[in-house]
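Subject: Handing over the structure

Dear colleague,

I am passing on the structure we spoke about, and I would be glad if you kept it open while you read the notes that follow.

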Amino acid sequence: MTVTESSSAPRTIEFVTVKRNLPLTWRSYGHWWIEMDGEESYGWWPAQCPVGVLQAFKGTGGILNGMGVTEEGTSNRDPNHGLPADYEFHPVLISEKTDDTLRNDMRHYAHSFTGEWRWSTRPTMNCRLFQLDLFDAVGLVDGTGNYHTRGEGCPALRTPRRVAARLTGRRRWPGNLPRPGQRVGDISARRS
């Protein structure tokens with residue numbers, strides 16, 4: 001470890017940029033990815049594109065960075081790498097580790113991950129839960145002031161959530177995202 005490299009926590013990780021695009025009703029499912037050092041990035045994609053609405057809800061295989069599905073996706077670069085996003089921020093590391101260890105942990109997680117891709121009103125694996133599960137695995141969190149970047153969930157369900165909030169006086173958290181402070185692994189274990 002060099003003198004300038006820190007292993008303390010919590011600390012903001014400037015070499016990692018979290019990027020999140022919001023879904024647009026009937027036009028885009030949105031996309032979340034994470035960029036590291038401006039050179040590499042990781043996101044979870046459906047194994048076949050384009051994905052129709054029925055297939056999105058039914059599910060399909062998933063693949064890291066859209067490799068083999070898009071021309072731009074490689075093993076260490078998401079097709080959206082370098083593009084601006086609706087939300088961009090640097091996450092906070094909450095476990096003590098060096099920058100190099102964090103980089104290696106993120107690479108290992110991304111390259112060892114397998115699973116489906118699905119859009120649902122309940123938590124299912126897609127680019128959003130991939131990113132949140134990566135956070136859990138390596139010890140990152142959104143950090144103060146960035147939790148709102150997770151969005152309001154499926155835009156098609158926005159109106160029913162608002163109506164329910166007015167009737168009950170409580171904000172309804174989107175059912176397809178973990179609640180604040182809830183780990184992705186806790187959702188998976190609960191569903192099994």
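Leaving aside its neighbours within four places in sequence, which residues is Asn 65 in contact with? Before coming to that, please keep in mind that this is a predicted model, and that what I describe was computed from it.

Asn 65 lies in the loop that runs between strand E5 (60–64) and strand E6 (87–89). Although its place is in a loop, Asn 65 has a relative accessible area of 0%, and because buried means under 20% relative accessible area, this residue counts as buried. As for the question above, its contacts beyond those neighbours are Ser 41, Tyr 42, Gly 43, Trp 45, Thr 70, Gly 73, Thr 74, Ser 75, Asn 76, Arg 77, Asp 78 and Pro 79.

It may help to step back to the chain as a whole. The protein chain holds five helices and nine strands, and if you follow it along the sequence, these elements come in the pattern β-β-β-β-α-β-β-β-α-β-α-β-α-α. Of its 192 residues, 46% are buried, while the chain exposes about 10,200 Å², of which carbon and sulfur atoms supply 52%. If you consider the contacts between residues at least 6 apart in sequence, 66% of them join residues at least 24 apart.

Next come the strands, beginning with E5, which leads up to the loop of Asn 65. Strand E4 (residues 40–46) and E5 run antiparallel and are joined by three bridges, and here Trp 45 stands opposite Ile 63 in E5. Trp 45 is also one of the residues in contact with Asn 65. E5 is joined to strand E8 (residues 116–117) as well, again in the antiparallel sense, through two bridges, with Gly 61 standing opposite Glu 116 in E8.

Elsewhere there is an open sheet of three strands, in the order E1-E7-E9 and with antiparallel pairing. Its edge strands are E1 (11–12) and E9 (140–141), each of which pairs on one side only. Strand E7 (residues 92–93) pairs with E9 over two bridges, and Val 92 is found opposite Val 141 in E9.

Val 92 also gives us a way to Val 16, since the two residues are 76 apart along the chain and yet their C-alpha atoms are separated by 9.5 Å. Val 16 belongs to strand E2 (residues 16–21), and it counts as buried because its relative accessibility is 0%. Not counting residues up to four places away in sequence, Val 16 touches Ile 34, Glu 35, Met 36, Phe 89, His 90, Pro 91 and Met 106.

Met 106 brings us to the helices. Two packed helices are described by the angle between their axes and the distance between the axes. For helix H2 (residues 99–112) and helix H3 (residues 127–138), the angle is about 135° and the axes are 10 Å apart, which means that H2 is oblique to H3. The contact is made by Leu 102, Asp 105, Met 106, Tyr 109 and Ala 110 of H2, together with Phe 130, Asp 133, Leu 134, Ala 137 and Val 138 of H3. H2 passes H3 in a right-handed crossing. Met 106 therefore appears twice in these notes, as a residue of H2 in the contact with H3 and as a residue that Val 16, buried at 0% relative accessibility, touches.

With best wishes

Definitions and conventions
Residues numbered from 1 in each chain as written. Predicted model: local features only at pLDDT ≥ 70, side-chain atom pairs only at ≥ 80, totals over all residues. Heavy atoms only, no water. Pairing = 2+ DSSP bridges. Helix = DSSP H or I, 4+ residues; strand = E, 2+ residues; numbered from the N terminus. Buried < 20%, exposed > 50% of the residue type's maximum accessible area, 1.4 Å probe, protein only. Contact = heavy atoms within 4.5 Å. Areas by Shrake-Rupley, 256 points an atom, 1.4 Å probe, with all protein chains shown as cover. Axes fitted to C-alpha atoms, helices over the stretch in contact; angles between N-to-C directions. Parallel < 35°, antiparallel > 145°, perpendicular 65-115°, else oblique. Left-handed = near helix turned anticlockwise from the far one by under 90°.
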